[in-house]
Amino acid sequence: MTGPEAARLFYDSSRFVRHGAMPKAIQKTLLGQGGVQGLDDDAHRHRKQLFMTLMTHERIEHLLQTSAGEWRLGT
């Protein structure tokens, strides 16, 4: 299954939950514990919205400029 039908199924919160789905070893090494990937419902939406407020054109441009400056400094 692919496309919009698969996405609707996958994001149907009555069918899947994030909490407890990721093995602790993965959380500890790759994603961090308590991250948005392991939250459900309102907690997930709230944390994701906080992250998305950083994804404006201006914020991304600032990140690019800061990163480029650090690369030039060699740090």
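User: What percentage of the 75 residues in the chain do buried residues make up?

Analyst: The model is a predicted one, and every value discussed here is computed from it. A residue counts as buried when its relative accessible area is under 20%. Of the 75 residues in the chain, the share that is buried comes to 9%.

User: What radius of gyration does the chain have, set against a compact globule of 75 residues?

Analyst: Along the principal axes, the C-alpha atoms of the chain fill a box of roughly 50 × 30 × 25 Å. A compact globule of 75 residues would have a radius of gyration near 11 Å, whereas the value for the chain is 17 Å.

User: How much of the accessible surface of the chain belongs to carbon and sulfur atoms?

Analyst: The accessible surface of the chain comes to about 6700 Å². The part of this surface that belongs to carbon and sulfur atoms is 61%.

User: In what order do the elements of the chain run from the N terminus on?

Analyst: The secondary structure of the chain comprises four helices and zero strands. Among the helices are α2, at residues 24–31, α3, at residues 41–52, and α4, at residues 57–73. Read from the N terminus, the order of the elements is α-α-α-α.

User: Which residue forms a salt bridge with Asp12?

Analyst: A search of the whole structure finds two salt bridges, and one of them involves Asp12, with the closest N and O atoms 3.2 Å apart. Asp12 counts as partly exposed because its relative accessibility is 25%, while its partner is exposed, with a relative accessible area of 55%. That partner is Arg15.

User: Where do Arg45 and Asp42, the two residues of a salt bridge, lie?

Analyst: The side chains of Arg45 and Asp42 meet in a salt bridge, with an N to O distance of 2.9 Å. Asp42 has a relative accessible area of 56%, so this residue is exposed. The two residues are three apart, about one turn of the helix, and both lie in helix α3.

User: How far apart are the mean positions of the positive and negative charges of the chain?

Analyst: The chain has 10 positive and 8 negative charges. Taking the mean position of each set, the two lie apart by 5 Å.

User: What kind of aromatic pair do Phe10 and Tyr11 form?

Analyst: The structure holds two aromatic pairs. In the one formed by Phe10 and Tyr11, the ring centres are 5.1 Å apart and the angle between the planes is 90°. Planes over 60 degrees apart count as edge-to-face, and the pair of Phe10 and Tyr11 is therefore edge-to-face.

User: What kind of aromatic pair do Phe10 and Phe16 form?

Analyst: The ring centres of Phe10 and Phe16 are 6.0 Å apart, with 40° between the planes. Planes under 30 degrees apart would count as stacked and those over 60 as edge-to-face, with the rest in a class of their own. The pair of Phe10 and Phe16 is tilted.

User: Which residues do ring pairs link into a cluster?

Analyst: Phe10 and Tyr11 are both exposed, and for Phe10 the relative accessibility is 53%. Phe16 is partly exposed, with a relative accessible area of 43%. The residues that ring pairs link into a cluster are Phe10, Tyr11 and Phe16.

User: Which residue has a positive phi of about 55° although it is not a glycine?

Analyst: The residue with this backbone angle is placed in helix α3. Its relative accessible area is 45%, so it is partly exposed. Its name is Asp41.

User: What distance separates the C-alpha atoms of Val36 and His46?

Analyst: Val36 is found in the loop between α2 and α3, and this residue is partly exposed because its relative accessible area is 27%. Val36 and His46 are ten residues apart along the chain, and their C-alpha atoms are separated by 9.1 Å.

User: What distance separates the C-alpha atoms of Gln65 and Arg47?

Analyst: Gln65 is found in helix α4 and, at 47% relative accessibility, counts as partly exposed. Along the chain, Gln65 and Arg47 are 18 residues apart, and the separation of their C-alpha atoms is 26 Å.

Key. Residues are numbered from 1 along each chain as its sequence is written. This is a predicted model: local features need pLDDT of at least 70, side-chain atom pairs count only at pLDDT 80 or more; totals for chains, interfaces and linings use all residues. Side-chain values use heavy atoms; hydrogens and water are left out. A salt bridge is a side-chain nitrogen of Lys or Arg within 4 Å of a carboxyl oxygen of Asp or Glu. Buried means under 20% relative accessible area, exposed over 50%, partly exposed in between (1.4 Å probe, protein chains only). The radius of gyration is taken over C-alpha atoms; the globule rule is 2.2 Å times the number of residues to the power 0.38. Accessible areas come from the Shrake-Rupley method with a 1.4 Å probe; for residues, only the protein chains shown count as cover. Lys and Arg count as positive and Asp and Glu as negative; His and the chain ends are not counted. The place of a charge is taken as NZ of Lys, CZ of Arg, CG of Asp or CD of Glu. Rings of Phe, Tyr and Trp (its six-membered ring) pair if their centres lie within 6.5 Å; planes under 30 degrees apart count as stacked, over 60 as edge-to-face and the rest as tilted.
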